[in-house]
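Subject: Structure for your files

Dear colleague,

Here is the structure I said I would pass on. Please look it over before reading my notes underneath.

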Amino acid sequence: MIRTVRRLIDNWGTNKTLCDIGPMPWGDGKVDIDDLRVFMTYYEKEDPPAQP
Ligand SMILES: [Ca+2]
């Protein structure tokens, strides 16, 4: 997860399609906060907070 965020930040502001996932569904041609937001949405779905 950290590695993916790192890659996103490394490519911040570029047009790397690999990291360009937001806005959904096809991205907008640049790596920015929308992509981080989409990624976080996926992450929360895959790994929800631990139950008490
Ligand atoms: Ca984007």
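The notes below go from the whole chain to the helices, the calcium site and the loop.

Please keep in mind that this is a predicted model.

Overall picture

The protein chain has 2 helices and 0 strands. Along the principal axes, its C-alpha atoms fill a box of roughly 40 × 20 × 15 Å. Of the 52 residues, 21% count as buried. Taking contacts between residues at least 6 apart in sequence, 21% join residues at least 24 apart.

The two helices

Helix 1 covers residues 2–10, and helix 2 covers residues 33–46. Their axes lie 10 Å apart and make an angle of about 170 degrees. Angles over 145 degrees count as roughly antiparallel, so helix 1 and helix 2 are roughly antiparallel to each other. On the helix 1 side, the contact is made by Thr4, Val5 and Leu8; on the helix 2 side, by Asp35, Leu36 and Phe39. By residue type, this contact divides into 4 nonpolar, 1 polar and 1 charged.

Lys45 also belongs to helix 2. Lys45 counts as exposed because its relative accessibility is 62%, and the cut-off for exposed is over 50%. From Lys45 to Asp32 there are 13 residues in sequence and 21 Å in space, C-alpha to C-alpha.

The calcium site

Which residues coordinate the calcium ion? Asp20, Asp28 and Asp35 do so through OD atoms, with Asp35 listed twice, while Gly22 and Lys30 each give a backbone-type O entry, written simply as O. The distances run from 2.3 to 2.5 Å. Along the chain, the donors follow the spacing D-x1-G-x5-D-x1-K-x4-D. The site has 6 donor atoms, with angles of 52 to 169 degrees among them, and is irregular.

Asp35 thus appears both among the donors of the calcium ion and in the contact of helix 2 with helix 1.

The donor residues can also be described by accessibility. Asp28 is partly exposed, with a relative accessible area of 35%, and Lys30 is partly exposed at 41%. Gly22, at 0%, counts as buried, because buried means under 20%.

The loop between the helices

Gly22 is found in the loop between helix 1 and helix 2. Leaving aside residues up to four places away in sequence, Gly22 touches Gly27, Asp28, Asp34, Asp35 and Val38. Asp28 and Asp35 in that list are also donors of the calcium ion. Gly22 and Ile9 are 13 residues apart along the chain, and their C-alpha atoms are separated by 14 Å.

Two peptide bonds in this part of the model deserve a check on your side. Most peptide bonds are trans. The bond from Gly22 to Pro23, however, is cis, with omega near -5 degrees. The bond from Met24 to Pro25 is cis as well, with omega near 0 degrees. Pro23 is in the loop between helix 1 and helix 2, and so is Pro25.

Asn11 has its place in that loop too. Is Asn11 buried or exposed? Asn11 is buried, with a relative accessible area of 11%. Its contacts, not counting residues up to four places away in sequence, are Lys16, Cys19 and Val31.

Regards

Note on methods: Residues numbered from 1 in each chain as written. Predicted model: local features only at pLDDT ≥ 70, side-chain atom pairs only at ≥ 80, totals over all residues. Heavy atoms only, no water. Helix = DSSP H or I, 4+ residues; strand = E, 2+ residues; numbered from the N terminus. Buried < 20%, exposed > 50% of the residue type's maximum accessible area, 1.4 Å probe, protein only. Axes fitted to C-alpha atoms, helices over the stretch in contact; angles between N-to-C directions. Parallel < 35°, antiparallel > 145°, perpendicular 65-115°, else oblique. Contact = heavy atoms within 4.5 Å. Nonpolar A, V, L, I, M, F, W, Y, C, P; charged D, E, K, R; others polar. Donors = N, O, S within 2.8 Å, 3.2 Å for Na, K, Ca; no water. Tetrahedral: all angles 85-135°; square planar, octahedral: opposite > 155°, others 65-115°.
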